[in-house]
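Hi there,

Here is the structure I promised to pass along. My notes on what turned up in it follow below.

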Amino acid sequence: MYKLTLFNAALFVLALLPSLASAVPTIQHWQTANGAKVYFVAAPELPMVDVQVVFDAGSARDESKPGIAKFVNALLHSGTEKLSADVVAERLDALGAQLGGGAERDMAWMSLRSLSEAQYLDTAVNTVASLLQEPAFASTSMERERNRLIAGVRAGNQSPGTIAARAFYQTLYAEHPYASPPEGTEVSLQTITQGDLKAFHSRYYVAANAVVAIVGNLDRERAEAVAMVLVGSLPVGEAAPDLPPVQPLTQAQVVRIEHPSSQAHVLIGQLGMKRHDPDYFSLFLGNHVLGGSGLISRLAEEVREKRGLSYSTYSYFAPMRQAGPFVMGLQTLNEQAEEAIDVTEATLKEFVTQGPTPNLLEAARQNITGGFPLRIDSNGKIVRYLAAIGFYELPLDYLDVFTAKINAISQQQVNDALKRRLNPDQLLTVVVGG
């Protein structure tokens, strides 16, 4: 099983995809009889099929039991009443198939990669369908997974980067569901029962709450058959309700957490934007100059090149169903932390006030639009983008029009969006270190 933190990362990387008409895949879309949304790209170049089944069943749905979304998703790989985890693993291994999955804040998913020949694909798809529809939640598997998840939480308790991220989200989102750590807590994981797991699965792993993404060596008829096998027997159910809007910070906040590390881990930011935000393209392009383009960004120039305070520093927007965060991050020696924070905040303030220079903005524009072929150079990448397009209900021509939208953004639009949306006087700063 490969861990896909890909969705916090892939949903952000999706924003990098400009259009190149000759390379953008044609997306087909339909619904199954029980209401699941299906997105399909035919890719006959390789004898492979990649599938992702996505549910609105991330940690934002944990409510009073942090970690339950990840707990349920992990147990889907532990077999059914008829198929043990060992049998599932042996069967997929014999087919040369790969199974994956995960759960983050907005969503949970299961993925499959298989050869497209019917003798391999049919068995692999039927196996995944059984896992999605009839998970056993056996006591032995449940306790084994509980112990594994608790071990992960404890390991995170020793990691300054993880500690900083948890504190950042918990402070920024306060009582909002996004504040809940996807991995849960030791206390909450200990209290989750078999009944809790079954109830969560029954509520959220339903057709009305599902998106199926398929990419590979199939025609439309076979793709429809694959989708029906995967989710056609799921209960219709109901889509998860809309998440509440997020309330922004009203004043600057600083959170300092002592940790016996030689370096301080620093996160600075505030609320950013939703996935359908009208300023999406302006903010994305502007951030590419600020800290989204690696070692050539303004933050890298001021923090790394001029002062040597950190090897790397970065910034990004992480748009989600509701407003995701805007984050600037770096690591530096403990004794340099205050200077690094001051430089980072001063750089942001100057950038918001003045905006990017025309030359840097054009360089960012060309960098974004020029990297398209590498963004979709495998079926595995395409299926992740396809799943994101389906989950966030983006238009089917999203990839086709991305370059045009980026190229249409003016200097004034970028400057205006930065001034309206980023407030350097109301930043949340989290510092973990000695």
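**Around Gln-411**

Leaving aside the neighbours within four places in sequence, Gln-411 is in contact with Pro-356, Thr-357, Pro-358 and Leu-361. Please keep in mind while reading that this is a predicted model. Gln-411 belongs to helix H17, which covers residues 411-421. Its relative accessibility is 24%, so Gln-411 counts as partly exposed; the cut-off for buried is under 20%. Ser-282 is also worth a look from here: Gln-411 and Ser-282 are 129 residues apart in sequence, while their C-alpha atoms are 8.9 Å apart in space.

**The open sheet**

Next, a sheet. Six strands form an open sheet with mixed pairing, in the order E1-E2-E6-E3-E5-E4. Its edge strands are E1 (28-31) and E4 (98-103), each of which pairs on one side only. On average, neighbouring strands of this sheet are turned by 15° against each other, direction ignored. As general background, strands of a sheet pair through backbone hydrogen bonds, either parallel or antiparallel. For E1 and strand E2 (residues 37-42) the sense is antiparallel, over 4 bridges. If you want a place to start, find Gln-28, which stands opposite Phe-40 in E2.

Helix H4 (residues 118-133) lies across strand E3 (48-55), E4 and strand E5 (108-115). With respect to E5, H4 runs at about 165°.

**Helix H6**

How far apart should the ends of helix H6 be, at 1.5 Å a residue? H6 has 14 residues (160-173), so the expected span is 20 Å, and the end C-alpha atoms are indeed 20 Å apart, which agrees. The buried residues of H6 are Pro-160, Ile-163, Ala-164, Arg-166, Ala-167, Phe-168, Tyr-169, Leu-172 and Tyr-173. Among the elements that cover them are helix H5 (139-157) and the strands E7 (253-258), E8 (263-271), E10 (325-333) and E11 (428-433). After H6 comes Ala-174, with a positive phi near 50°.

**Rings and charges**

Now for the aromatic side chains. A search of the whole structure finds 13 aromatic pairs. In one of them, Phe-55 and Tyr-205 have ring centres 4.5 Å apart and planes at 40°, so the pair is tilted. This pair links distant parts of the chain, 150 residues apart: Phe-55 is in strand E3, whereas Tyr-205 is in the loop between helix H8 (194-204) and strand E6 (210-216). Are these two residues buried or exposed? Phe-55 has 0% relative accessibility and therefore counts as buried; Tyr-205, with a relative accessible area of 2%, is buried too.

Another pair involves Tyr-173 and Tyr-178: the ring centres are 5.5 Å apart and the planes stand at 90°, so the pair is edge-to-face. Both of these tyrosines, Tyr-173 and Tyr-178, are buried. Tyr-173 also appears among the buried residues of H6.

Ring pairs also link Tyr-280, Phe-281, Phe-284, Tyr-398 and Phe-402 into a cluster.

Finally, two arginines. Arg-304 has its charged end over the ring of Tyr-311, 4.8 Å from the ring centre. The charged end of Arg-321 sits over the ring of Phe-391, at 4.0 Å from the centre.

Happy browsing, and best wishes!

Key. Residues are numbered from 1 along each chain as its sequence is written. This is a predicted model: local features need pLDDT of at least 70, side-chain atom pairs count only at pLDDT 80 or more; totals for chains, interfaces and linings use all residues. Side-chain values use heavy atoms; hydrogens and water are left out. Helices (H or I, at least four residues) and strands (E, at least two) are DSSP runs, numbered from the N terminus. The expected span of a helix is 1.5 Å times one less than its number of residues. Buried means under 20% relative accessible area, exposed over 50%, partly exposed in between (1.4 Å probe, protein chains only). Contact means heavy atoms within 4.5 Å. Two strands pair if DSSP finds at least two bridges between them. Axes are lines fitted to C-alpha atoms, for helices over the stretch in contact, and angles run from 0 to 180 degrees between N-to-C directions. Rings of Phe, Tyr and Trp (its six-membered ring) pair if their centres lie within 6.5 Å; planes under 30 degrees apart count as stacked, over 60 as edge-to-face and the rest as tilted. A charge sits over a ring if NZ of Lys or CZ of Arg is within 6 Å of the ring centre and within 35 degrees of the ring normal.
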